[in-house]
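Visitor: I should like to understand the terms applied to this structure. Would you take me through the reasoning behind each of them?

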Amino acid sequence: MTLQEKLNFLEEVMDLDEGALSEDTVLEEIDEWDSLATLALTVEIKKRYEHNLTTDMIKSFKTVSDICQFISDLEE
């Protein structure tokens, strides 16, 4: 998955407009980054990569780049 595809994926998960996110976006500055978004991300990661996201993993994500890197690691 390219970086743009990852950004689009995250925008879809958070129900954001296309182009709303960049790698440098800080998650806690996004109103839509809430419990519903983390649940949606958890479900999508499980469906696409058969990997369980833990609460600690989610808490470790500080920027969109952190999630993108996590996805890249799953794809290797």
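Visitor: In which helix is Val43 found?

Guide: This is a predicted model, and in it Val43 belongs to helix α2.

Visitor: Why is Val43 called partly exposed?

Guide: The relative accessibility of Val43 is 42%. Buried means under 20% and exposed means over 50%, with partly exposed in between; therefore Val43 counts as partly exposed.

Visitor: What makes the nonpolar surface patch, and what is its area?

Guide: Leu36, Leu39 and Val43 make a nonpolar patch of about 290 Å² on the surface. A patch residue needs over 30% relative accessible area, and Val43 has 42%.

Visitor: How many salt bridges does a search of the whole structure find?

Guide: The search finds two salt bridges.

Visitor: Why is the pair Glu44 and Lys47 called a salt bridge?

Guide: A side-chain nitrogen of Lys or Arg must lie within 4 Å of a carboxyl oxygen of Asp or Glu. The closest N and O atoms of Glu44 and Lys47 are 3.2 Å apart, so the pair forms a salt bridge.

Visitor: How do you know that Glu44 and Arg48 also meet in a salt bridge?

Guide: Their N to O distance is 3.5 Å. The cut-off is 4 Å, so this pair counts as a salt bridge. Glu44, Lys47 and Arg48 are thus linked in a network of salt bridges.

Visitor: Where do the partners of this network lie in helix α2?

Guide: Glu44 and Lys47 are three residues apart in helix α2, about one turn of the helix. Glu44 and Arg48 are four residues apart in helix α2, again about one turn. In general, an α-helix has 3.6 residues a turn, so residues three or four places apart point the same way.

Visitor: Are Lys47 and Arg48 exposed or partly exposed?

Guide: Lys47 has 60% relative accessibility, and because exposed means over 50%, Lys47 counts as exposed. Arg48, at 42%, counts as partly exposed.

Visitor: What does Glu44 contact beyond its neighbours within four places in sequence?

Guide: Glu44 is in contact with Phe9 and Val13. From C-alpha to C-alpha, Glu44 and Phe9 are 9.3 Å apart in space, and 35 residues separate them in sequence.

Visitor: Which residues of α1 are buried, and what covers them?

Guide: The buried residues in α1 (3-13) are Lys6, Leu7, Phe9, Leu10, Glu11 and Val13. Their cover includes α2 and α4 (64-75).

Visitor: How do you know that Glu11 has no salt bridge?

Guide: The nearest side chain of opposite charge, Arg48, is 12 Å away from Glu11. A salt bridge requires a nitrogen and an oxygen within 4 Å, and Glu11 is buried without such a partner. Not counting residues up to four places away in sequence, Glu11 touches Leu16, Asp17, Glu18, Gly19, Ala20 and Leu21.

Visitor: What makes the patch of negative charge on the surface?

Guide: Asp15, Asp17, Asp31, Glu32 and Asp34 gather there. Asp and Glu count as negative. Glu32 lies in the loop between α1 and α2 (35-49). Its relative accessible area is 34%, which places Glu32 in the partly exposed class and over the 30% required of a patch residue.

Visitor: Why is Asp15 called exposed?

Guide: Asp15 has 69% relative accessibility, and the class begins over 50%, so Asp15 counts as exposed. Asp15 is in the loop between α1 and α2. Its phi is positive, about 55 degrees, although Asp15 is not a glycine.

Visitor: Which value of phi does Glu50 have, and where does Glu50 lie?

Guide: Glu50, a residue other than glycine, has a positive phi near 50 degrees. Glu50 lies in the loop between α2 and α3 (55-60), and counts as exposed because its relative accessibility is 71%.

Visitor: Why is Met1 called partly exposed, and what does it contact?

Guide: Met1, in the segment before α1, has 33% relative accessibility; this lies between 20% and 50%, so Met1 counts as partly exposed. Leaving aside neighbours within four places in sequence, Met1 is in contact with Lys6, Arg48, Tyr49 and Glu75.

Definitions and conventions. Residues are numbered from 1 along each chain as its sequence is written. This is a predicted model: local features need pLDDT of at least 70, side-chain atom pairs count only at pLDDT 80 or more; totals for chains, interfaces and linings use all residues. Side-chain values use heavy atoms; hydrogens and water are left out. Patches are made of residues with over 30% relative accessible area and no salt bridge: like charges are joined within 9 Å, nonpolar side chains (Val, Leu, Ile, Met, Phe, Trp, Tyr) within 5 Å. Accessible areas come from the Shrake-Rupley method with a 1.4 Å probe; for residues, only the protein chains shown count as cover. The place of a charge is taken as NZ of Lys, CZ of Arg, CG of Asp or CD of Glu. Helices (H or I, at least four residues) and strands (E, at least two) are DSSP runs, numbered from the N terminus. Buried means under 20% relative accessible area, exposed over 50%, partly exposed in between (1.4 Å probe, protein chains only). Contact means heavy atoms within 4.5 Å.
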